[in-house]
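Here are some friendly notes to read alongside the model. They take up the empty spaces first, then a pair of helices, then some backbone details.

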Amino acid sequence: MNAPTTRRLTVAQALVEFLAHQYTERDGRRHRLISACWGIFGHGNVAGVGQALLESGDALPYLQGRNEQAMVHAAVGYARQCDRLSAQAVTTSIGPGATNLVTGAALATVNRLPVLLLPGDVFATRSADPVLQQLEVPSAGDVSVNDALRPVSRYFDRVTRPEALIPAALQAVRVLADPVDTGAVTLALPQDVQAEAYDWPEEFFADRVWRVARPAPDAGALAEAVHAIRGARRPLLIAGGGVHHSEAEEALRAFADATGIPVASTQAGKGSLRHDHPADVGGIGHTGTATADALAREADLVIGVGTRYTDFTTASSTLFAAPGVRFVNLNIAPFDAHKLGAASLVADARAGLEALTGALSGHRVAAAYEAGYRAAKEEWERRVDAAYGAADDSVRPSQTQVLGALDGIVDDTDVIINAAGSLPGDLHKLWRARSRRQYHLEYGYSCMGYEIPAAIGVRLAAPDRPVWALVGDGTYLMNPTEIVTAVQEGVNITVVIVQNHGYASIGGLSEATGGERFGTAYRFRAGDGTYTGAPLPVDLAANAASLGMDVLRAATVGELRAALVKARGANRPTCVYVETETADTVPGAPDAQAWWDVPVAETATRPAAVAAREAYDRHAAGRRRHL
């Protein structure tokens, strides 16, 4: 009998070789599971993973980042654009390099998006102890800073022996490819083990295909859901991010066409139907449309598809107010399918919608119900037009008019990226999504600084699509570093900086909760601790230019339109900078159509906080548990 064939490689070399041979497959289409590896090198990965990536060449391409958190954001943007079928890895040194991953890992796991994290770790052999940047825990010798990644990872392992890499790597890619369990996956790699050689079985490096199935709903559960839908007079469907991840948009359209059931969308689900589909009633919840939220308040049945029902969607458990309202949840994750006491269909979103459409053959909502929500949709569109419009081209644009100008030049191919600040609320209410992946809002973790690196990841996944990163001044200052990456790698993104001199979203929230906008503006501080009305002399456009971008400044609505057109046609990374009008006399987005629970001080001496608490108690009285 011949001895098993082996190859002698270091642990880092073996891991890189293994990752280059992993694939996903769904609907007969195959994808590289790990398409590239982002990295910033330091002690802990430069002589291990860094050397292995150098040797691998094109087998596992290397991408250079400037900030570890931003590299994770870029990888997450890439994975979302690829419907979670392809992902990227991120390698860092030990110490600050590793702990900088935590925020990005939390974002990935909260949003159920795959990313592989490969932080360096301290010596497994303890031959050098403590090493530079090592955290010493007197009561535990096996703890390092990488343990901070445990609670934000869907899978975590520390590879302290070469042979332990085989089961660890297999479990890691299993989780990455699993639509239920996916999120951040961490393999902590002690720096001495990375460089250690081992005789690996050749089978470890064979092509391996991880098939992403489309499980169908249980027949009994399907019958129960169909019975509930047929018996409902005012049903409402909520489309979440799972619709996009499953590529279920056409199945949803067919369902809506057949049944006439209106479709609202979460931030992650927006674009599941085109904005001009008769059944699309827009965003739902605290940042939703008046049309969708009114339907939600009166709905006797809510059909959730691929949503996890965050507090923004449910208006902190106050939105679904009809007596006896029931829920049907179609979700591939049992954890989400059983929320709100729902009749659950644990299934792939596309397979489940197709099964529901077939089983509901001949069923349609009442004509009056359909006519009512269509009329409300038309009324809301008039409010969108009013928010988007400007009296003339010579005025300074408001934030909503910036969105209106952008709306006027994009087509189905453009991708709009945002994550935090006041823009998510305006976008959810107003943006007219034209295609399935045009609207890219990271609102599960709502992480400031996500937009620019995510835009790079999206553009890498979709090199032929115009990609826009919309950022406020507060968000821009959090994380502009990857502009340098976009310039270096020739990743053609457009960054739109909306300058309003402070934290607009939190400023409004502070005012509503009795905080009087304390600490939310970028202004000069006087000797008595108050802030003057003069904005800081900070030039973010000049900053973007100093990082290598072409910059177009726009002072008026007309100049903004011209700048956006020019940026969209540019062949290199470009920034459009616009200072917005914030006066109360300028039309903005409609107010929030539903509540959001942000607890207000129960005792206070300032009148604003006392009044805010009274309003809070009135809203909180409407909370209910759906059991």
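1. Let me begin with a cavity whose lining can be listed in full. The second largest cavity is lined by Thr24, Arg26, Asp83, Arg84, Leu85, Leu176, Ala177, Asp178, Pro179, Thr182, Val212 and His245. Please keep in mind throughout that this is a predicted model.

2. The volume of the second largest cavity is about 90 Å³. Two elements, strand E2 (22-26) and helix H6 (165-177), each supply at least two residues of its lining. By character, the lining residues of this second largest cavity are five nonpolar, three polar and four charged.

3. How many cavities of 30 Å³ or more are there? The count comes to five. The largest cavity holds about 160 Å³ of space, and 20 residues line it. Those closest to the centre of the largest cavity are Lys270, Asp280, Gly282, Glu381 and Trp431.

4. It is worth looking at which elements build the wall of that largest cavity. Strand E14 (280-283), helix H15 (367-388) and helix H17 (423-430) each contribute at least two lining residues. H15 gives the most, with four residues. The lining of the largest cavity splits into seven nonpolar, seven polar and six charged residues.

5. Turning to the open spaces, I would look at the second largest pocket, which has a volume of about 660 Å³. Its lining is made up of 44 residues. Which of them lie nearest the centre of the pocket? They are Gly241, Gly242, Ala268, Gly306 and Arg308.

6. For the second largest pocket, helix H9 (241-245), helix H12 (311-314) and strand E16 (326-331) each supply at least two residues of the lining. H9 gives the most, with four residues. The lining of this pocket divides into 17 nonpolar, 17 polar and ten charged residues.

7. Next comes a helix pair. Two packed helices are described by the angle between their axes and the distance between the axes. Here, the axes of helix H16 (residues 399-407) and H17 come within 11 Å and cross at roughly 50°. H16 is therefore oblique to H17. The crossing of H16 and H17 is right-handed.

8. Which residues bring these two helices together? On the H16 side they are Gln399, Thr400 and Leu403, and on the H17 side they are Leu423, Asp426, Leu427 and Leu430. The residues of this contact divide into four nonpolar, two polar and one charged. H17 thus appears twice in these notes: H17 meets H16, and H17 also supplies at least two residues to the lining of the largest cavity.

9. Finally, two backbone details deserve a look in the loop between strand E7 (115-121) and strand E8 (155-158), where Pro130 lies. Is the peptide bond from Asp129 to Pro130 cis or trans? The bond is cis, with omega near 5°.

10. Arg126 is found in the loop between E7 and E8 as well. The phi of Arg126 is positive, at about 60°, although Arg126 is not a glycine. When you have the model open, please view Arg126 together with Pro130.

Methods. Residues numbered from 1 in each chain as written. Predicted model: local features only at pLDDT ≥ 70, side-chain atom pairs only at ≥ 80, totals over all residues. Heavy atoms only, no water. 1 Å grid on protein atoms, 1.4 Å probe; cavity = no way out; pocket = protein on both sides within 12 Å on 5 of 7 lines; lining within 4 Å. Points joined across faces, edges and corners; volume = space filled by probe spheres on them. Nonpolar A, V, L, I, M, F, W, Y, C, P; charged D, E, K, R; others polar. Axes fitted to C-alpha atoms, helices over the stretch in contact; angles between N-to-C directions. Parallel < 35°, antiparallel > 145°, perpendicular 65-115°, else oblique. Left-handed = near helix turned anticlockwise from the far one by under 90°. Contact = heavy atoms within 4.5 Å.
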